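Ready for some practice in reading a protein model? Work through the exercises below with the structure open, and try each task before you look at its solution.

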Amino acid sequence: MVEEKVIESVAEQFRRLTDKVEEVCDVYRVKGAKEYLDNQDVCLQLNISKRTLQNYRNTGKLPFTRIGQKIYYRTRDIEKFLNEDKNLK
């Protein structure tokens, strides 16, 4: 009887912990969607081709992160890139 109560208590605590982890993940998914853009989003935002974007990556002009086959760019890096480009003109 005692062991069963302990197991139930641990299971309940685990369920609550799981719920909290899911809440935190949801918050980061929403924030992450705003902080990172994929290739298509950057091309549209900068009005450039995929090849030009690849050139920016290859030359180190625009930092990126690769996760699996997908490439992401931080919005703050894009803003910095745009500001530097304005200063060069």
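**Exercise 1. Find the order of helices and strands along the protein chain.**

Step 1: Reading along the sequence gives the pattern α-β-α-α-β-β-α. Step 2: Tallied up, the protein chain has four helices and three strands. Helices (H or I, at least four residues) and strands (E, at least two) are DSSP runs, numbered from the N terminus.

Before you continue, note that this is a predicted model: local features need pLDDT of at least 70, side-chain atom pairs count only at pLDDT 80 or more, and totals for chains, interfaces and linings use all residues. Residues are numbered from 1 along each chain as its sequence is written, and side-chain values use heavy atoms, with hydrogens and water left out.

**Exercise 2. Work out which residues of helix H2 are buried and which are exposed.**

Step 1: Learn the cut-offs: buried means under 20% relative accessible area, exposed over 50%, and partly exposed in between (1.4 Å probe, protein chains only). Step 2: Helix H2 covers residues 39-46, and Val42, Cys43 and Leu46 are buried there. Step 3: These three lie on the same side of H2, because they cover an arc of only 100 degrees around the axis; the arc is that of the directions from the helix axis to the C-beta atoms. Step 4: Turn to the other side of H2 and you meet Gln40, Leu44 and Gln45, which are exposed. Step 5: Just after H2, look at Asn47, which takes a positive phi of about 60 degrees.

**Exercise 3. Describe the surroundings of Arg57, which is buried yet has no salt bridge.**

Step 1: Locate Arg57 in helix H3 (residues 50-58). Step 2: Check for a partner: a salt bridge is a side-chain nitrogen of Lys or Arg within 4 Å of a carboxyl oxygen of Asp or Glu. For Arg57, the nearest side chain of opposite charge is Asp38, 10 Å away. Here Lys and Arg count as positive and Asp and Glu as negative, while His and the chain ends are not counted. Step 3: Look for another polar partner: the side chains of Arg57 and Tyr73 make a polar contact at 2.7 Å. Such a contact is a pair of N or O atoms within 3.5 Å; within protein, one must be able to donate a hydrogen and the other to accept it, and residues adjacent in sequence count only if both atoms are side-chain atoms. Step 4: List the neighbours: leaving out residues up to four places away in sequence, Arg57 touches Asn39, Leu62, Phe64, Ile71 and Tyr73, where contact means heavy atoms within 4.5 Å.

**Exercise 4. Place the salt bridges, four by this rule, in the structure.**

Step 1: Start with Glu12 and Arg15, whose closest N and O atoms are 3.1 Å apart. They sit three residues apart in helix H1 (residues 2-35), so about one helical turn separates them. Step 2: Widen the view: Glu12, Arg15 and Arg16 are linked in a network of salt bridges.

Step 3: Move to Asp38 and Lys70, a salt bridge with closest N and O atoms 3.3 Å apart. This pair links distant parts of the chain, with Asp38 in strand S1 (residues 36-38) and Lys70 in strand S3 (residues 70-74), 32 residues apart. Asp38 counts as buried at 18% relative accessibility, whereas Lys70 is partly exposed at 39%.

Step 4: Finish with Asp77 and Arg74, which meet in a salt bridge of 3.0 Å, N to O. Asp77 is buried, at 12% relative accessible area, and Arg74 is partly exposed, at 29%.
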